[in-house]
Amino acid sequence: MRRKVIFDTDTASDDTIALMLSLDFFDVVGVTIVAGNVKYEYEVENALFTLEYLGREDVPVYLGAQRPIMGLWRTVEEVHGERGMGRWNIPKPSKKPENEFASDAIIRLSKEYCCELEILAVSPLTNLALAYLKDPTIVNRVKKVWIMGGAFTRGNTTEIAEFNFWVDPEAAEIVLNSGFNITIVPWEVTEEAATLTDEDWDKISKLRTRRAEFFIKVNEVLREYSKRVGSKGSVHPDSLTVTIAHDNSVILESINKKVDVETCNKARGAMLVDWYDLNKNGKKVEIVTKADSVKFKSYLFDALSKT
């Protein structure tokens, strides 16, 4: 039986590929949209279009928070393109979102699939934080939360903060201290293991499948931006996180530590790891420190090879 998951997303470029992988690996019982990468209405369209493109109109989409808890953030069109899909002006999807609010759907689905539901949180954590605040007992029903977020020292949005934690650090702090069973995949790990070089892109372009064509179109701007800021190619943190959730052997090294998130001033969004176990209280989470790049790329290329 395939594992039940919710895919929580601020849908743009790599999110769409992570969604593709999620549909291959899991039984996706819902896609929930949260404020983050680009204008909210574009994130919604991108999710709906991706599901249509992949022939999965059956998967319900739920609209969630259209701003972080404190409302202090900016979108990053320079990373993903104006509408979040590179330069691709996608057709307007015919699929419509559900009427139920995303956080309410998360709570309901946690009851429907009690103790087996997992959450692929590859975006700011606002939707999950709101679900927890409304119903704290949700931590007893959700089996696992997989988080792409945080940076040890190399922030990709500020000097110290990774984008997802920076967008809504209050939500991240709430979720990390809630009691969920959590694995975090930080930015530096994804940069090391999930960067696709020019050679990787050439391999994808030669596949000549609809999925490979989709990948190239949606990640074109991401690739250019990544290389402009010093990466060796396009970085795919969300896709790596989903792959790790599917196959834990992609994790080469990890640690279990207490984690908090800074919510103030210039360090807002910083991930605070209790390296020396100074805090004897509070639940620890797993933090991935090294991932298998070869295995990740193998999964990705296999998915993009499908017709």
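Colleague: Happy to look at this with you! To begin, where along the chain is His236 found?

Modeller: His236 lies in the loop between strand E8 (234-235) and helix H12 (237-246). Helices (H or I, at least four residues) and strands (E, at least two) are DSSP runs, numbered from the N terminus. Keep in mind that this is a predicted model, where local features need pLDDT of at least 70 and side-chain atom pairs count only at pLDDT 80 or more, while totals for chains, interfaces and linings use all residues. Residues are numbered from 1 along each chain as its sequence is written, and side-chain values use heavy atoms, with hydrogens and water left out.

Colleague: Is His236 called buried or exposed, and why?

Modeller: Buried means under 20% relative accessible area, exposed over 50%, and partly exposed in between (1.4 Å probe, protein chains only). His236 has a relative accessible area of 1%, so it is buried.

Colleague: Which residues does His236 contact, leaving aside neighbours within four places in sequence?

Modeller: With contact meaning heavy atoms within 4.5 Å, the list is Asp14, Ala194, Leu196, Phe215, Asn219, Leu222 and Phe296.

Colleague: What joins the side chains of His236 and Asp14?

Modeller: A polar contact of 3.1 Å. The term asks for a pair of N or O atoms within 3.5 Å; within protein, one must be able to donate a hydrogen and the other to accept it, and residues adjacent in sequence count only if both atoms are side-chain atoms.

Colleague: Now Lys134: is it buried or exposed, and how do you know?

Modeller: Its relative accessible area is 58%, so Lys134 is exposed. This residue belongs to helix H5 (residues 126-134).

Colleague: Which residues does Lys134 touch, not counting those up to four places away in sequence?

Modeller: Asp104 and Ile107. The side chains of Lys134 and Asp104 are also joined by a polar contact of 2.6 Å.

Colleague: Stepping back, how many helices and strands does the protein chain have?

Modeller: There are 13 helices and twelve strands in the protein chain.

Colleague: And why is the chain called as compact as a globular protein of its length?

Modeller: The globule rule is 2.2 Å times the number of residues to the power 0.38, and the radius of gyration is taken over C-alpha atoms. For 307 residues the rule gives 19 Å, and the chain's radius of gyration is 18 Å, close to that value, so the description fits. Along its principal axes the C-alpha trace spans about 55 × 40 × 40 Å.

Colleague: What share of the 307 residues counts as buried?

Modeller: That share is 60%.
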